[in-house]
Amino acid sequence: MIDPLVPAHIEGVVPYQPGKPIEELERELGIKGAIKLSSNENPLGVSPRALKAATDALRGVNRYPDGGGFALRAKIARKYGVTSDEIVLGNGSVDLIDLIVRTFVGPQEEGLIAEHSFLSYSWSFKVADRAFQEIPRKDYRYDLEAMARAITPRTKVIFLANPDNPTGTYVTREELDAFVKKLPSRVILVLDEAYREFVRAEDCPDGLSYRDRVPRLILLRTFAKAHGLAGLRIGYAICSPGEIASYLNRTRLPFNANLVAQSAALAALDDDDFVQRSRQYAAEALATLEEGLRRLEIGFLPSQTNFLFVDVGRDTTEVFQALLREGVIVRPLKAYGYPQHLRISIGLPEENQRLLGALAKVLGKG
Ligand SMILES: *Cc1c(COP(=O)(O)O)cnc(C)c1O
């Protein structure tokens, strides 16, 4: 028997599988002009103000960034009417998800998430060797009543993405109100609001409004989606008053928010026009995709995000490969536990048309 190289819990870890990069597909197929609709990125590009700030900031990268992120935290705090010491920056919000698990969940404690959630949650629990419960959904939506019933004295952190990835569904204000009433004050509730800027439904609650009711609340927001800064890796947590943020600041890696990202994010916060355009465009593009899918008689769920959860009615392995051969990258959701579904992000108008044409061809519907 050879000594194992890693502990047993690491042996079982499956790497987080990101959307296939365009360059990789083009290299593999020897093609040009592939399109990527697999990672919920912003098809309109980068906030122009952020781009200028990032370019300017590059000149200063011989220096370490401000490790405390003073200016950015202050600006985020002002935007939301909270204090700077309640804000924690991350190398994308996935960094903060990981940090929350590592910081707050002890060996005798456990996490609580919905089944088929954003893969980062379960990944972080597994890497940290922490237990977690996954609660089945109801009609693809979070079953908050079942999740509340599943809370045990061991439950320490609950992750809810609202709106949800990969389904694009959301929990309503009424549902979340009822849920937080049943939440023991010991439990940390993490509301991951990566798609907040795209929300149109009036009854989809803003996590900020729970700060006065949930003593241990962490809201996660990101610059990756509506601000178009996915590649720079910058997100933030808005923590309840008290000690939550200070613990996260003890355990995060030094300089986890890089210098260029901090500068770009500062400028992005001033670019309301870009966020507004992104939000408006996402709604239009979703409507186009929905109409096209309806015409092809392909099922999908209504979405509050910049992507659609699409039911192709058969195993997606072949469909995904066939779409790749058409130069179209989408996200098969088998790893999320949905073998018949694809997640398709909005693209530019011509990309959306190309996706619809490719789907029609691949599924034999045109
Ligand atoms: C995209 C996304 C994020 C953001 O991740 P970053 O690390 O900030 O790029 C977080 N949560 C969910 C549910 C997402 O879909």
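# Helix crossing, pockets and a histidine

In this predicted model, the axes of α5 and helix α9 (residues 244–251) come within 10 Å and cross at roughly 100°.

Me: How is α5 set against α9: roughly parallel, roughly antiparallel, oblique or roughly perpendicular?
Reply: Their axes cross at roughly 100°. Angles of 65 to 115 degrees count as roughly perpendicular. Therefore α5 relative to α9 is roughly perpendicular.

Me: Which residues of α9 make the contact with α5?
Reply: Both helices contribute side by side in the listing. From α5 come L99, I100, R102, T103 and F104. From α9 come I244, Y247, L248 and T251.

Me: By class, how many nonpolar residues has the contact of α5 with α9?
Reply: The contact has 1 charged residue and 2 polar ones. The nonpolar residues number 6.

Me: Which element gives the largest share of the lining of the largest pocket?
Reply: This pocket holds about 630 Å³ of space. The elements that give two or more residues to its lining are α5 (93–104) and α6 (119–127). The largest share, 6 residues, comes from α5.

Me: Which residues lie nearest the centre of the largest pocket?
Reply: The lining of this pocket counts 33 residues. By class, 13 are nonpolar, 10 polar and 10 charged. Nearest the centre lie Y16, V94, F118, K225 and R233.

Me: How many residues does α12 give to the lining of the second largest pocket?
Reply: About 370 Å³ of space lies in the second largest pocket. Two elements give two or more residues to its lining: α12 (316–325) and β12 (331–332). α12 gives the most, and its count is 5 residues.

Me: Which residues lie nearest the centre of the second largest pocket?
Reply: Its lining has 18 residues. By class, these are 9 nonpolar, 5 polar and 4 charged. Nearest the centre are Q17, P18, F320, R331 and P332.

Me: Where is the place of H227?
Reply: Two strands frame this residue in sequence: β7 (217–222) and β8 (235–239). H227 is in the loop between β7 and β8.

Me: Does H227 count as buried or exposed?
Reply: The relative accessibility of H227 is 5%. The cut-off for buried is under 20%. So H227 counts as buried.

Me: Which residues does H227 touch, not counting residues up to four places away in sequence?
Reply: H227 sits in a loop. One residue it touches is T222, and β7 spans 217–222. The full list is N42, V46, S47, E197, T222, A268, F274 and V275.

Terms used:
Residues numbered from 1 in each chain as written. Predicted model: local features only at pLDDT ≥ 70, side-chain atom pairs only at ≥ 80, totals over all residues. Heavy atoms only, no water. Helix = DSSP H or I, 4+ residues; strand = E, 2+ residues; numbered from the N terminus. Buried < 20%, exposed > 50% of the residue type's maximum accessible area, 1.4 Å probe, protein only. Contact = heavy atoms within 4.5 Å. 1 Å grid on protein atoms, 1.4 Å probe; cavity = no way out; pocket = protein on both sides within 12 Å on 5 of 7 lines; lining within 4 Å. Points joined across faces, edges and corners; volume = space filled by probe spheres on them. Nonpolar A, V, L, I, M, F, W, Y, C, P; charged D, E, K, R; others polar. Axes fitted to C-alpha atoms, helices over the stretch in contact; angles between N-to-C directions. Parallel < 35°, antiparallel > 145°, perpendicular 65-115°, else oblique.
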